[in-house]
Amino acid sequence: MTEPARRPRKRVHYGTGREALLEAAVRVVARGGLRKLTYRAVAEEAGVTHGLVVHHFGSRDALIEEAVAHAIRSSLSSSALAPGTGEVADFSAGLTDMVESGPDLQAFQYELLLESRRRPELLPHLRSLYDEYFDATRRELTRMLPGPVDEGLSRMVFATLEGLVLHQLVFGEREVIDQALDELRSVLRLLAERQGGEGCGDGCGEGCGEG
């Protein structure tokens, strides 16, 4: 009986090595949960030596903390929450592309959410990530809607988006998710019109009345 072929090790260049290891950690957790996150698993995934992972992180807790911080940076940079135009049509327009291009990053976050029920020490890291999401959602809604945006509204909208991300991650069905996002934008347009008079929803913030 022959041994399974090992993944060939590759050199991780100085300056990008740490980032490559963190990306490998994200993939390990996305596939097997946080309990599968070990030096050896990350080294195997990245194609480097076990000792290099130890050298960069020193402890498993440090590896977890830095992987969470990496997820925060990556998620916010790729997030479709805040295109910045203030137009309803652009709100979360790239959400389904984001999920398709980075499913491991999304799965990593959901794994951490579940694990935080067993390990409360993870909550501060997750809170940092989600506070950024909540703030981005509220800022974009404030650009789109002429009336005040309270925390309840922004949280409801974000929860809708998060549920759609999870649905796409598990079931696929991109076309259905895109339809659901269109429906969400329709609701936001109606809300903008109700708050600011006829026909707003394009981010002017002044109600868009004629004259």
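Helices are DSSP runs of at least four residues, numbered from the N terminus. In this predicted model, Arg185 belongs to helix 9, which covers residues 174–196.

The relative accessibility of Arg185 is 8%. Because buried means under 20% relative accessible area, Arg185 counts as buried. Beyond its neighbours within four places in sequence, Arg185 is in contact with Val88, Ala89, Phe91, Ser92 and Ala93. Two of these residues also meet the Arg185 side chain through their backbone. A polar atom of that side chain lies 2.9 Å from the backbone oxygen of Phe91, and the side chain reaches the backbone oxygen of Ser92 at 3.3 Å.

Arg185 also takes part in a salt bridge, its partner being Asp182, with the closest N and O atoms 2.8 Å apart. Both residues lie in helix 9; because they are three residues apart, about one helical turn separates them. The two partners differ in accessibility class: Asp182 is partly exposed, with a relative accessible area of 42%, whereas Arg185, at 8%, is buried. Elsewhere, salt bridges that share partners join Asp97, Glu100, Arg174 and Asp178 into one network.

In total, the structure holds 13 salt bridges. One of them pairs the side chains of Glu45 and Arg31, with an N to O distance of 2.5 Å. This pair links distant parts of the chain, 14 residues apart. Glu45 is in helix 2 (residues 39–46), and Arg31 is in helix 1 (residues 17–32). Glu45 has a relative accessible area of 9% and is therefore buried. Arg31, in contrast, has a relative accessible area of 56% and is exposed.

A further salt bridge is formed by Glu121 and Arg119, whose closest N and O atoms are 2.6 Å apart. Here Glu121 is partly exposed, its relative accessible area being 44%. Arg119 has a relative accessibility of 17%, so this residue counts as buried.

The accessibility classes of the three pairs can be set side by side. In the pair of Glu45 and Arg31, the acidic residue Glu45 is buried and Arg31 is exposed. In the pair of Glu121 and Arg119, Glu121 is partly exposed and Arg119 is buried. In the pair within helix 9, Asp182 is partly exposed and Arg185 is buried.

Methods:
Residues are numbered from 1 along each chain as its sequence is written. This is a predicted model: local features need pLDDT of at least 70, side-chain atom pairs count only at pLDDT 80 or more; totals for chains, interfaces and linings use all residues. Side-chain values use heavy atoms; hydrogens and water are left out. Helices (H or I, at least four residues) and strands (E, at least two) are DSSP runs, numbered from the N terminus. Buried means under 20% relative accessible area, exposed over 50%, partly exposed in between (1.4 Å probe, protein chains only). A polar contact is a pair of N or O atoms within 3.5 Å; within protein, one must be able to donate a hydrogen and the other to accept it, and residues adjacent in sequence count only if both atoms are side-chain atoms. Contact means heavy atoms within 4.5 Å. A salt bridge is a side-chain nitrogen of Lys or Arg within 4 Å of a carboxyl oxygen of Asp or Glu.
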